[in-house]
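User: I should like to discuss helix packing and aromatic pairs. Please take the questions in turn.

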Amino acid sequence: MKHAPLYEALVNHIKSTKWSFHVPGHKSGLLFEKTATSFFQSVLPLDVTELTGLDDLHHPEGPILEAQELLASYYNVQKSFFLVGGSTSGNHAMILSSFIDGDVVLVQRNCHKSVLNGLELAGVTPVFLQPEIDEKGGYPLGISYKTVKKAIEKHPGLKGIVLTNPTYYGMQQDITEIAEIVHSVGGIVLVDEAHGAHFGLKDMPESSIHRGADIVVQSAHKTLPALTMGAFLHVNSDRADIQRLSHVLQMVQSSSPSYLIMASLDLSRLFLENLSNDEIKEILNQTKDLRLFIDSIPYLNVLDAPIDYILDPLKVTIQSDREISGYDLQVLLEKEGLYTELADDRNVLLVLPLGPIDKIKELKEVFIKISEQMASYQARHSQYKTTSISTSVSKLALSYREMRRLKVKPISIESAEGFIAAEAIIPYPPGIPLIAKGEQITSEHIHHYSSLKKKGARFQGAFMDNKMYVFDRT
């Protein structure tokens with residue numbers, strides 16, 4: 001019988017408890033700010049701690065262990081872990097448990113900032129692999145096999161590779177060949193699959209964990225009905241050190257994990273198990289219908305996956321053929337109450353639900369209205385020019401160890417060419433660093449930053465007056 005053991009244990013605990021003389025301080029909801037009680041009251045009793053019968057995430061023996069075993073069984077992997085710190089904690093854990101100080105590690109350059117932070121924590125020597133670029137969308141894709149092979153020839157002693165698959169825009173590549181060549185030289189394959197927790201459902205893309213990856217991290221909260229910060233980590237290979245991984249997970253996650261988040265992870269797995277083939281078919285049909293509808297509207301285009309990539313059906317990337325940036329298009333949509341996942345200089349990205357779309361007729365009317373507004377914009381006469389990347393394999397200008405010894409100073413980004421970045425400059429979302437900490441800043445970086453800033457991009461790492469920290473090597 002399908003069930004959610006951790007959630008059920010929490011419900012049984014609520015039924016049996018009379019007094020709460022333990023943390024947290026809201027005492028099962030008896031104490032709370034009155035103005036917000038009506039919003040929080042229903043879930044506060046589930047927000048508990050490691051009590052008798054509720055198990056311990058960092059030493060699971062009861063319902064959490066059973067819930068994680070059911071998760072591993074569902075995803076058909078050797079072992080699965082609940083994460084309460086999002087994919088960020090999972091990326092840190094898989095990197096820290098797989099590599100040691102000084103290890104040479106291949107890294108997909110369009111990785112999330114959490115991957116770069118994990119590499120810094122591990123003290124490795126990252127070798128960055130430039131991704132392919134989607135010409136129409138202007139966004140980075142995956143890494144070509146040719147680039148990986150070239151990097152291995154230059155760095156034969158590498159210890160592994162960290163890939164991002166699918167991309168934020170839902171473009172997935174088959175990593176089988178890449179995994180095989182990395183394994184052939186004794187390396188481990190780690191994949192940030194944050195946007196693929198629903199992969200593996202009927203007629204959906206297949207997870208990288210079954211295409212050669214040794215460890216995969218998924219943000220359950222991105223596409224499944226899990227609470228924010230809820231994520232999964234899956235291991236499907238003897239190359240992973242389970243004992244070391246378990247230890248690192250204790251180091252990078254709270255010693256007081258949220259039972260609300262963990263229960264939502266347990267229930268998300270049950271939600272997936274209970275989805276029928278007919279329901280999945282209906283979801284796929286409605287996503288296809290919406291894509292075709294938006295693409296049929298004047299001045300709006302929906303982008304498809306390029307050759308050799310598979311598109312996540314829950315992702316819809318929209319672009320206008322008028323002279324309007326994705327940031328400005330996002331503003332127009334928000335005025336109609338439609339909040340998108342992200343915008344960039346060309347596109348807006350929608351993440352569709354793994355279920356019925358609410359108020360679908362009203363939603364379509366919004367896009368018709370936006371199209372009418374597009375009529376007042378000039379047509380885009382010139383094609384987008386995608387910046388070419390000359391170096392497919394590159395390294396940081398300084399090692400992480402060297403960075404720790406240097407002082408930093410603030411400097412105007414516009415005058416930072418030639419300096420080495422002491423912090424990452426990150427358009428957020430999607431959280432992919434434009435400039436990585438330790439990279440030498442180029443005129444191309446500065447031009448790209450200025451262009452995105454003018455079009456409305458938001459950044460992490462840059463001061464309000466367009467300053468950033470660089471290393472002072474004087």
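User: Which residues in H13 do Asp289, Leu290, Phe293 and Ile294 in H11 meet?

Analyst: The model is a predicted one. Helix H11 covers residues 277-296 and helix H13 covers residues 360-374. By class, their contact has seven nonpolar, no polar and two charged residues. On the H13 side, the residues met are Ile360, Leu363, Lys364, Phe367 and Ile368.

User: Is H11 roughly parallel or roughly antiparallel to H13?

Analyst: The two axes come within 10 Å and cross at roughly 25 degrees. Angles under 35 degrees count as roughly parallel. The crossing is also right-handed. H11 is therefore, with respect to H13, roughly parallel.

User: How many degrees lie between the planes of Tyr74 and Tyr75 in their aromatic pair?

Analyst: The structure holds six aromatic pairs. That of Tyr74 and Tyr75 is edge-to-face, at 5.1 Å centre to centre, and the angle between the planes is 90 degrees.

User: Which of the classes stacked, edge-to-face and tilted fits the rings of Tyr449 and Phe459?

Analyst: Their centres are 4.7 Å apart, with the planes at 50 degrees. Planes under 30 degrees apart would count as stacked and those over 60 as edge-to-face. The angle falls in neither range, so the pair is tilted.

User: Is Tyr449 buried or exposed?

Analyst: Tyr449 lies in helix H15, whereas its partner Phe459 lies in strand E17, ten residues apart. Phe459 has a relative accessible area of 14% and is buried. Under 20% means buried; at 1% relative accessibility, Tyr449 therefore counts as buried.

Conventions: Residues numbered from 1 in each chain as written. Predicted model: local features only at pLDDT ≥ 70, side-chain atom pairs only at ≥ 80, totals over all residues. Heavy atoms only, no water. Axes fitted to C-alpha atoms, helices over the stretch in contact; angles between N-to-C directions. Helix = DSSP H or I, 4+ residues; strand = E, 2+ residues; numbered from the N terminus. Parallel < 35°, antiparallel > 145°, perpendicular 65-115°, else oblique. Left-handed = near helix turned anticlockwise from the far one by under 90°. Contact = heavy atoms within 4.5 Å. Nonpolar A, V, L, I, M, F, W, Y, C, P; charged D, E, K, R; others polar. Phe/Tyr/Trp six-rings, centres within 6.5 Å; stacked < 30°, edge-to-face > 60°. Buried < 20%, exposed > 50% of the residue type's maximum accessible area, 1.4 Å probe, protein only.
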